[in-house]
Amino acid sequence: MKKNLTLLGITCITMATSTSAQIKYPETRKVDQSDVYFGTTVADPYRWLEDDNSAQTKQWVEEQNRVTNEYLASIPYRDNVKARLEKLWNYPKYGAPYKKGKYYYFSKNDGLQNQSIVYRQVGLNGNPEVFLDPNKLSSDGTAALGGLAFSKNNKYTAYTVAQSGSDWQQIHILDAETKKALPEVLQFVKFSGIAWKGDEGFYYSRYPEPDEKSKLSGKNEFHKVYYHKVGTPQSQDELVYEDKDHPLRNVFASTTDDDRFLIVGTTQGTSGRQLWVKDLKAGQKEFSLLVEGFSTEPSVVDNVGDKLLLQTNDGAPNYKVVLVDPKNPAKANWKTVIPEQKEVLQGLGTGGGFLYASYLKDASTKVYQYAYDGKMVREIKLPGIGTAGGFGGEKSDKEFFYSFSSFAYPPSIFRYDITTGASTLYKKAEVNFNPEDYVTKQLFFTSKDGAKVPMFVTHKKSITLDGNNPVMLYGYGGFNVPVTPGFSVSNLFFMEQGGVYAVVTLRGGNEYGEEWHKAGMLLNKQNVFNDFIGAAEHLVNSKYTNPGKIAIRGGSNGGLLVGAAMTQRPELFKVAIPQVGVMDMLRYHRFTIGWAWAVEYGNADSSETHFKNLYGYSPLHNLREGVQYPATLVTTADHDDRVVPAHSFKFAARLQEAHRGANPALIRIETKAGHGAGKPTSKQIEEATDIWSFVMHNLGMKYSEPK
C-alpha cells in the first residue's frame with residue numbers, strides 16, 4: 001500500500017543530483033502550537049517532531065536522511081576521504097595498563113575494531129590474554145563497555161554495558177580469575193558508578209523501571225543508591241539512599257579504599273554537590289552531612305584514618321585540598337593540606353602513598369606529586385604542551401602508567417617510578433603521519449568585553465598567512481568542562497588537506513577555575529558566543545583565513561554554541577556543523593536529564609529574566625526569514641537520550657524553512673547511536689567521512705592524496 005506522505009507530515013520533493021543546484025527539501029508539516037511565557041507568545045509549529053516514536057516523525061527522519069545521503073553521495077571525492085580516514089585510523093591503540101592482583105590489565109584496539117578489547121597479562125612481559133571483548137556483545141559493534149570496577153581483593157569485576165549509545169546501562173559481574181559471568185544482570189542503571197565493599201557486593205545508582213515508550217525521552221526522576229550483594233537477584237538489592245522530597249536530584253555512591261567510609265554525593269544540577277558520609281567501621285546507621293550543598297564542588301579523595309581528604313572550591317575558585325573530620329565537619333575545623341594555587345586544580349589522584357595533583361596552565365596539564373601532609377615532592381615532567389591523565393594507583397604500587405597527547409602528538413603511555421620520579425616511554429602510537437610537519441601555537445585575543453581568551457591553532461608548518469586557509473573552529477564553553485589539547489586522526493585528516501584546526505578556550509569551562517566557568521553561564525552565556533565569534537574575527541585579522549573559509553563545529557553544549565554563532569553572525573562563517581546540540585532553550589528541561597542543566601542555563605518557565613535571556617539566544621528561536629545561513633550539516637542520533645534528537649529535528653526543519661541562498665541546510669540522523677560515547681569505529685569513520693566531505697566541498701577545497 002502506498003503511503004500518503006503528506007498526511008505523515010512530509011511532502012516528498014525530489015532533489016537535484018548536482019550539489020551546486022538548489023536542493024529541494026522535504027516540506028515539513030507545521031501545527032498550530034504556541035506557549036505563553038510571561039506575556040510573550042512563542043510559536044512552536046514543529047512540536048510534533050518531539051515524539052520520536054510516531055510514524056510521522058520516523059517518516060520525516062527517513063526523508064531527511066534520503067536528501068542528505070543523496071547530497072553527500074554526489075561529492076566527487078567522498079570515497080577518497082573515507083579511504084584516507086580508514087588508513088589513518090588503522091593503527092593499534094592502547095590504554096594505559098594498571099595492576100590488579102597478579103595481572104596487568106589494558107585495553108587495545110588493533111586499528112579498525114569497533115570496540116577496544118580488554119586484555120590482561122602476568123607481569124609487563126607476560127603473554128596477553130583476552131579478558132573481556134565487547135565486540136561479542138552485539139552483532140554490529142553498538143554495544144559499548146563502560147568502566148570496569150574490581151572488588152577490593154580483585155575477586156570480581158563489575159562492568160557496565162550500554163546499547164546503541166544510550167545512557168541506560170546494565171551492570172554485569174565476572175569472576176575475575178575464571179572470567180566466568182555471574183547470572184545476575186542489573187537493569188535500569190544510569191549515571192552511576194560501581195563502589196565495591198570488599199568482595200561481597202557494591203553500591204550503584206539507578207532509576208525506577210522506565211516506561212518503554214518514553215525510555216529515551218522521558219524525564220529522569222527519583223535516582224536512588226542501592227547495594228547489590230554478589231550472587232543474589234537484583235530484586236533483593238538493599239535501598240541505601242533516596243530523597244523522596246527532591247525527585248530531580250541525582251545521587252552517587254563511593255567507598256574509601258579501606259572500606260571504612262561510604263560517601264553519597266547528591267546533585268540537583270550539573271553544578272554544585274552535597275556530601276553525606278557513613279562510617280561503616282564504626283557501625284554508623286544513618287548518614288551524616290559532611291558538606292552542605294549546593295554552592296560548591298566538593299569530592300572525597302581518600303581517608304587518612306578517621307579523617308577525610310577533600311578537594312573543594314569552597315573559598316577557593318581554583319580548588320584546594322583540605323582534611324575534614326566527619327565528626328566535626330564544620331568549615332572552621334578544616335585543615336588545609338594543599339592550598340589554592342594560581343592554576344586550577346583539575347583532579348587529585350592517589351597511589352604508592354602519595355597524592356598527584358593535576359593542574360591546568362593555560363589549558364595544558366601540569367602535574368605535581370605531594371606527600372599526604374601537603375609537602376610537594378616534585379613536578380612530574382611532561383613532554384610538552386598537552387593533556388595528561390591516569391596519575392594514581394594502589395597504595396602498594398611502586399609505579400603507575402599515565403598517558404599524554406596533544407594536537408600533533410599521538411597518544412603515548414609513560415611508565416612513572418614513584419620513588420625516583422622518572423618517566424620512561426612505554427608505548428607510542430604509530431600513526432601514519434610525520435608530527436614534525438605540524439606546529440601548534442597558543443594565541444590570545446581580546447573578546448568583546450575585554451576578556452583575554454586563549455586559542456590553540458594547529459596546522460602544517462608550510463602554510464602561508466595569506467588570508468585564504470580553510471579553518472575548522474571548535475569550541476564547547478560550558479558545564480565547567482575544560483577543553484584541552486588532544487590528538488584526533490579525524491582532525492589530522494583536515495590538517496593534512498591543508499586546513500587549520502583551531503580550538504578556543506571559551507568561558508563556561510573551568511580552564512581558569514570557577515570564575516571562568518561563572519563568566520560563561522546563566523545570564524553570562526552570551527560571553528561564550530562572543531568569545532567564539534571573537535576567535536573567528538581574530539583568525540581573519542591575523543591573515544589565517546577569511547569568512548568564506550571558516551567552518552565551525554561543536555557537540556552537545558558545543559552544538560548550542562554553533563547554533564547561536566551561526567544565527568547571530570551568519571555572514572562570518574561559511575560552514576556550520578552543530579552536533580547533538582541543545583537548540584530549543586525554552587523546552588530543554590522537559591526531556592530526560594535536561595532539568596539538571598538549569599543551573600547552567602536557567603529555566604524559561606521559572607523566571608522572566610531567564611526566559612528573556614534564553615529566548616534571546618536560543619538557536620531554534622533566532623532563525624530569521626530570508627537570511628543566507630552557512631552551509632549547515634546538523635547531526636544527531638536516534639538513541640541520544642542525553643540531548644534528545646527533537647532539538648536537532650526542530651532546528652533543521654526551521655532552518656530549511658527560513659534559509660535562503662545556495663548553501664545546503666541538511667540533517668544527518670544516525671541510527672543505533674546516541675550522544676557519542678561508545679560509538680563504534682565503523683560509525684565514527686562514516687560520520688567523519690560525511691562531515692569532512694561536506695566541509696571541504698563547501699569551503700571549496702579539493703582532495704589531494706598524501707605523498
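Which residue forms a salt bridge with R507? In this predicted model, the partner is D531, and the closest N and O atoms of the two side chains sit 2.8 Å apart. R507 belongs to the loop between β37 (500-504) and α4 (514-518), while D531 is part of helix α5 (residues 526-541), so the salt bridge ties together parts that are 24 residues apart in sequence. Neither end of this pair is out in the open: R507 is buried, and D531 is buried too.

That pair is one entry in a longer list, as the count for the model comes to 42 salt bridges. Another is the one between D35 and R47, with 2.3 Å between the closest N and O atoms. Here D35 sits in strand β3 (residues 34-37) and R47 in the loop between β4 (40-43) and α1 (55-73), so this contact links parts that are twelve residues apart in sequence. R47 has a relative accessibility of 16%, and because of that it counts as buried. D35 and R47 don't stand alone, either: salt bridges with shared partners join D35, D44, R47, E50, D584, R587 and K650 into one network. K108 and D110 also meet through their side chains, at 3.6 Å from N to O. With 40% relative accessibility, D110 counts as partly exposed.

Then there is R553, a charged residue that goes without. R553 is found in strand β38 (residues 550-555), and it is buried yet has no salt bridge. The nearest side chain of opposite charge belongs to E687, 5.0 Å away, whereas a salt bridge calls for a nitrogen and a carboxyl oxygen within 4 Å. What does the side chain of R553 make a polar contact with? It is the side chain of Q579, at 2.6 Å. Leaving aside residues up to four places away in sequence, R553 touches M472, L473, Y474, G475, N491, V562, I577, Q579, I691 and W692.

Turning to the strands, β22, β23, β24 and β25 line up in that order in an open, antiparallel sheet of four strands. The edge positions go to β22 (299-304) and β25 (335-338); each has a single partner strand, so one side of each is left without a neighbour in the sheet. From one strand to the next, the twist averages 30 degrees. Looking at one pairing in detail, β22 is joined to β23 (residues 307-312) by five bridges, and the two run antiparallel. S299, for instance, has Q311 in β23 as its bridge partner.

The loop between β24 (320-324) and β25 holds P329. Its relative accessibility is 22%, so P329 counts as partly exposed. Not counting residues up to four places away in sequence, P329 touches L289, L290, V324 and W334. S358 is 29 residues from P329 along the chain, and the C-alpha atoms of the two are separated by 26 Å.

A hairpin elsewhere pairs β18 (residues 250-255) with β19 (residues 261-267), which run antiparallel and are joined by six bridges. Within this pairing, S254 is matched with I263 of β19. Five residues lie between the strands of the hairpin, and D259 takes a positive phi near 65 degrees there.

How values were computed. Residues numbered from 1 in each chain as written. Predicted model: local features only at pLDDT ≥ 70, side-chain atom pairs only at ≥ 80, totals over all residues. Heavy atoms only, no water. Pairing = 2+ DSSP bridges. Axes fitted to C-alpha atoms, helices over the stretch in contact; angles between N-to-C directions. Buried < 20%, exposed > 50% of the residue type's maximum accessible area, 1.4 Å probe, protein only. Lys, Arg positive; Asp, Glu negative; His and termini not counted. Polar contact = N/O pair within 3.5 Å; in protein donor to acceptor, adjacent residues only side chain to side chain. Contact = heavy atoms within 4.5 Å.
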